[in-house]
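Morning, everyone. Please have the sequence and the model up on your screens. I'll take it piece by piece.

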Amino acid sequence: MPLVEVRNLSFSYPGAMVPAIDSLSFSVKAGEYLAVVGANGSGKSTLLRCLNGLLKPPAGAISVGGFDPSQPEHRLELRRRLSLVFQSPPDQIVASVAEEDVAFGPENLGLPKAEMDRRVEDALRVTGLLAERKRPPRFLSAGQQQRLAVAGALAMDPECIVFDEATAMIDPSGRAELLDLIDSLVASGKAVIHITHDMEEASRAQRVLALASGSLRYDGDPQGLFSRADLAELGLEYPESMRIALALGLDPRPGESPGDLARRILALMPAQESSTVNVSALPAESVAGAAGSVASEDATEPAYQAADLGFSYLAGSGDERRALDGLSMEIRPGSSVALVGTTGSGKSTLLQIISALAQAGSGSTRTLGIDPSEPKVDLRSLRMRAPLSVQRPESAIFEPYVGDEVAFGPRNQGMRGAGLVSRVREALDMVELPYEEYRDRQTRILSGGQKRRVAIASVLAMSPELLVMDEPGSALDPASRRKLMDTLFLSVRGLHTLAFSTHSMEEAARADYVAVLSGGCLKAFGPPSEVFGKEWDPSWGLLRPYAAELAAELERAGIGLPGGILDGEGMAAGLRPRGSAA
């Protein structure tokens, strides 16, 4: 008997014109590793909420260990067997101290204190939160909150764990640790259902389900999914490893590490000299990082400037935590800057200071030439010129209709009539939510990814001079994320300055400059080709872009390559035989 069985499941939200889930059937065995993928709005999050009864499915449509989530009397036993890790960690964090939150589930199961303490200790250790066990969750970074949510699920010791984009806010090394943990859970006999927009993550699963408009479009192994001709129509794309393999004319293999791909390339090197290796480049991106905006080096005033900047949370208390320490940097007008660093490195704090939402604790800071600490500064006006799109911006949506939500900012800037409508239309079109289709749609029935896009459109509609964004693409499907970043980089050209944080090194590589933060200090600042090349330091706790790491593997094997390789096109050009046509 399957551990989880879904039989012809359909589900519609009140007021929705189309079902969120439509006649879906599949099963999951004990110890199976299943990835669920699909574009925003495809029904992934609705499915997981039906699985444990947070949403009420039709009677008999779902069974988890023989229990039906549509039956209230079954839900307690069902939730002993199946735990969820939500996309938004605050949705499941309930306690005021981290270790107490992890203990909440086991305590409600009535476990003996010794067993409960052991589970809490183990869960905090494997998620890297032992040092934070006494801290209030509200003072943890978004990535740390996500780890805390994972720890709470692990402490329940369920037969099946469902992860809903649980790695979205975690840095690359932390994500790798969590994925290794998932592998170990599967090896120990637990079933895992992993909802993800990351195709590299999906390729690690034994089996993949692809959803579109609530319907099942694929059920099989990762190789079969990435062989489909309609991948783009599903809002999906090849993992970076497969994109680069295709650029080099090699068979793409899901989940291939840079080292493994390097060994395949090295095996073909003798044939390369006779041009038997196809190194035709990938199609050019619509916006390449190197061809993006050009900073105005002769501008008299930086868009942002910090000198010896310091900031502490709970300064002067026993829980004081230094978030930024002696940081100095400049962002030139018309440039794009990617902030990267491990979870808790200070990225979000710096973005809040850039947008004048937080005041420097020490040192000096100027946004658009203005010192926010000066007594007569109009902070409201400054924040409108440099608005911040916060992590999980969809949590700040408050208008009932999409059009009103996007219009809120420009309306407060004094816009009215046709000009306001034009601004809202343009912003919604930029995030691929067509104005005519979405302006009157209720925000509460949107998918998580659609809410994210509405929230970002609300900031874009203000036409800011300095666009400040904290993990803007973290909840979007691959195609939507790439298109959004294209839009943001295009907006920089003569219109805006862009400062954004990201855990995607491929996204960071497209910016004009990369700023590396570690422990609240600025460790490196410069063009991506330098930061991910000669300045690279493994002690930062990050992973380089896949192509840059592949280049490093080949160079260690003695293959001479030009510096600054950051993508498949650069790798193909670097490996092209001398004298061959470009």
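One term before we begin: two strands pair if DSSP finds at least two bridges between them. And keep in mind that this is a predicted model.

Let's begin with a pair that fits the term. Strand β6, residues 160-164, and strand β7, residues 191-195, pair in the parallel sense. Five bridges link β6 and β7. Find Asp-164: Ile-195 in β7 stands opposite.

Now the helices on this sheet. Helix α1, residues 44-51, packs on the sheet. Helix α1 touches β3, β5, β6, β7 and β8. The direction of α1 makes about 150° with that of β6. Helix α6, residues 172-187, packs on the sheet as well. Helix α6 touches β3, β6 and β7. Its direction makes about 150° with that of β7.

So much for the helices; what is the order of the strands in the sheet? Read it as β5-β6-β7-β3-β8-β9. That is six strands in an open sheet, with mixed pairing. At the edges sit β5, residues 82-85, and β9, residues 215-220, and each pairs on one side only. From one strand to the next, the twist averages 15°.

Next, please move along to strand β17, residues 513-518. Is β17 mostly covered or mostly open? Mostly covered: six of its six residues are buried. Tyr-513, Ala-515 and Leu-517 point one way. Val-514, Val-516 and Ser-518 point the other way. Both sets are buried.

What does β17 pair with? One partner is β12, residues 336-341, in the parallel sense over five bridges. Here Val-340 stands opposite Val-516. Another partner is β18, residues 521-526. β17 and β18 run antiparallel, and five bridges join them. Val-516 appears again here, opposite Ala-524 in β18. β17 and β18 form a hairpin with two residues between the strands. In that hairpin, Gly-519 takes a positive phi near 60°.

Last stop: a helix pair. Two packed helices are described by the angle between their axes and the distance between the axes. Take helix α9, residues 240-247, and helix α22, residues 568-575. They pack at an angle of about 35°, with their axes 9 Å apart. The crossing of α9 past α22 is right-handed. Which residues meet there? From α9, Glu-240, Ile-244 and Ala-247; from α22, Gly-568, Met-571 and Ala-572. Sorted by type, the contact has four nonpolar residues, one polar and one charged.

That's my tour. Over to you.

Methods
Residues numbered from 1 in each chain as written. Predicted model: local features only at pLDDT ≥ 70, side-chain atom pairs only at ≥ 80, totals over all residues. Heavy atoms only, no water. Buried < 20%, exposed > 50% of the residue type's maximum accessible area, 1.4 Å probe, protein only. Helix = DSSP H or I, 4+ residues; strand = E, 2+ residues; numbered from the N terminus. Axes fitted to C-alpha atoms, helices over the stretch in contact; angles between N-to-C directions. Contact = heavy atoms within 4.5 Å. Left-handed = near helix turned anticlockwise from the far one by under 90°. Nonpolar A, V, L, I, M, F, W, Y, C, P; charged D, E, K, R; others polar.
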